[in-house]
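Good morning. Please look at the screen while I go through one chain, mostly its rings and one of its helices.

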Amino acid sequence: MQVEILGTKYEVIDALNNITLADSFLKNKTGKGNGEAKLYVGNESNELSDFFGNFSDLSAFFQKKDLIKVLQDLKEEYYSPQQYYYKKITKDSVKMVVDITKEMPSRWEELFSKVSVCPKLLNFKFSRSNVKPPRVYINSDTKGYYTLLREIAIPNISYLSILKLKEVGNGKKIIYYFKPFIDYSNTIQGYQITTFEEEKVLKKISETKLSNTKKETLKTARIGQGKYRELLLEDMPYCPFTKVNDERLLIASHMKPWVKSNEHEKIDPKNGLILTPTYDALFDKGFISFHDNGKLIVSPFLSPLNQKRLNINEGKQIDIQRFFDSKRLEYLSYHRDNIFKGI
């Protein structure tokens, strides 16, 4: 697979996904432990060694537009925090932890202004940190752009994916594309939501002016029960990838995530797709999406090897377009623009 980033073409060699941006790494801390500039990327393995090579003085970049998007996606949490946030300071030679929750809106404004004046491509170098195996950490001496990730992201809902790229026509030159994401997980059936998400959902429902009956409908829809799932199965009675029609093996998920939807969109069956678990996970996590004509779109963040194992490829037709009316296409457009892991 080839991708083009700001006019330069690259071959995608491999992808490393779902790197947790832990509280210990980030500056927007929800705990009171020590902060660390080094980032944990996994335990020693052949796969990790193949991905990073010798781990020495590796070239990498962020895209400015990715950092801007993450900030926009996190704006609600910065302005109406659902968690308490802390930072460590030193005052009169004494180290202490202070609550900065009320500062979060102004922090967002400062960060947005800071990123807005950055170049489109934010280059930095990184290498392996000197930490005893088997845990593998990376760090950077070029603190400026690398540190932006630590300043922007939020614990519990932020993570990182990395693409290993080779510039087309430039020999064996390897560069790593770091792209942060927010957890948009939105599966209804079988999705174990976190305490953070649960509190956010319940708070939103309780604050509405809807009737108690309507509120209960929203709650049952959130966990995969009720009218929403029933109507979606009537509209789309099988998985278009596998043709499986056993309801016990099918998952109903939203194209526009629950937390981003209004009350109508939350229970609108046109906002859903019926898929078997593997393909639902791919769609839910943004590794696949669809063109309006039903042809498959595959994310470069899904490694070429795993694409082959899953028997999926860019442009594959799976006969899903029969379910795409004008209303479902609106939600699908949202998924492509906001959930799909593109470049």
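I will start with confidence, then take a helix, then the aromatic residues.

This is a predicted model. The mean pLDDT of the protein chain is 87, and 89% of its residues reach 70 or more. The stretch to be careful with is residues 185-196, where the pLDDT is below 50. In the model that stretch still has 39 contacts beyond near neighbours in sequence.

Now the helix. What should the 13 residues of helix α3, residues 104-116, span at 1.5 Å a residue? The expected value is 18 Å, and the end C-alpha atoms of α3 are 18 Å apart, which agrees. The buried residues of α3 are M104, R107, W108, L111 and V115. These buried residues cover an arc of only 100° around the axis, so they lie on the same side of α3. The numbering fits a general point: an α-helix has 3.6 residues a turn, so residues three or four places apart point the same way.

Next, the rings. The count comes to 26 aromatic pairs. I will show two of them.

One is Y40 with Y137, a tilted pair, 5.5 Å centre to centre with 55° between the planes. Y40 is in strand β3, residues 39-43, and Y137 is in strand β8, residues 135-139, so this pair links parts of the chain that are 97 residues apart. Are these two rings buried or exposed, or something in between? Y40 has a relative accessible area of 29%, so it is partly exposed. Y137 is at 11% relative accessibility, and therefore counts as buried, since the cut-off is under 20%. Y137 has another partner: the charged end of K38 sits over its ring, 5.7 Å from the centre.

The other pair is F52 with F126, and this one is edge-to-face, at 5.9 Å centre to centre and 80° between the planes. F52 belongs to helix α1, residues 46-52, while F126 belongs to strand β7, residues 121-128, so the pair ties together parts 74 residues apart in sequence. Both F52 and F126 are buried.

Which residues join F52 and F126 in one aromatic cluster? The others are F25, F51, F55, F62, F124, Y146, Y176 and F178. One of the cluster members, F25, also has a charged neighbour: R150 lies over its face, at 5.6 Å from the ring centre.

That is the tour. Questions are welcome.

Key
Residues numbered from 1 in each chain as written. Predicted model: local features only at pLDDT ≥ 70, side-chain atom pairs only at ≥ 80, totals over all residues. Heavy atoms only, no water. Helix = DSSP H or I, 4+ residues; strand = E, 2+ residues; numbered from the N terminus. Expected span 1.5 Å × (residues − 1). Buried < 20%, exposed > 50% of the residue type's maximum accessible area, 1.4 Å probe, protein only. Arc of directions from axis to C-beta. Phe/Tyr/Trp six-rings, centres within 6.5 Å; stacked < 30°, edge-to-face > 60°. Lys NZ or Arg CZ within 6 Å of the ring centre and 35° of its normal. pLDDT = per-residue confidence, 0-100. Contact = heavy atoms within 4.5 Å.
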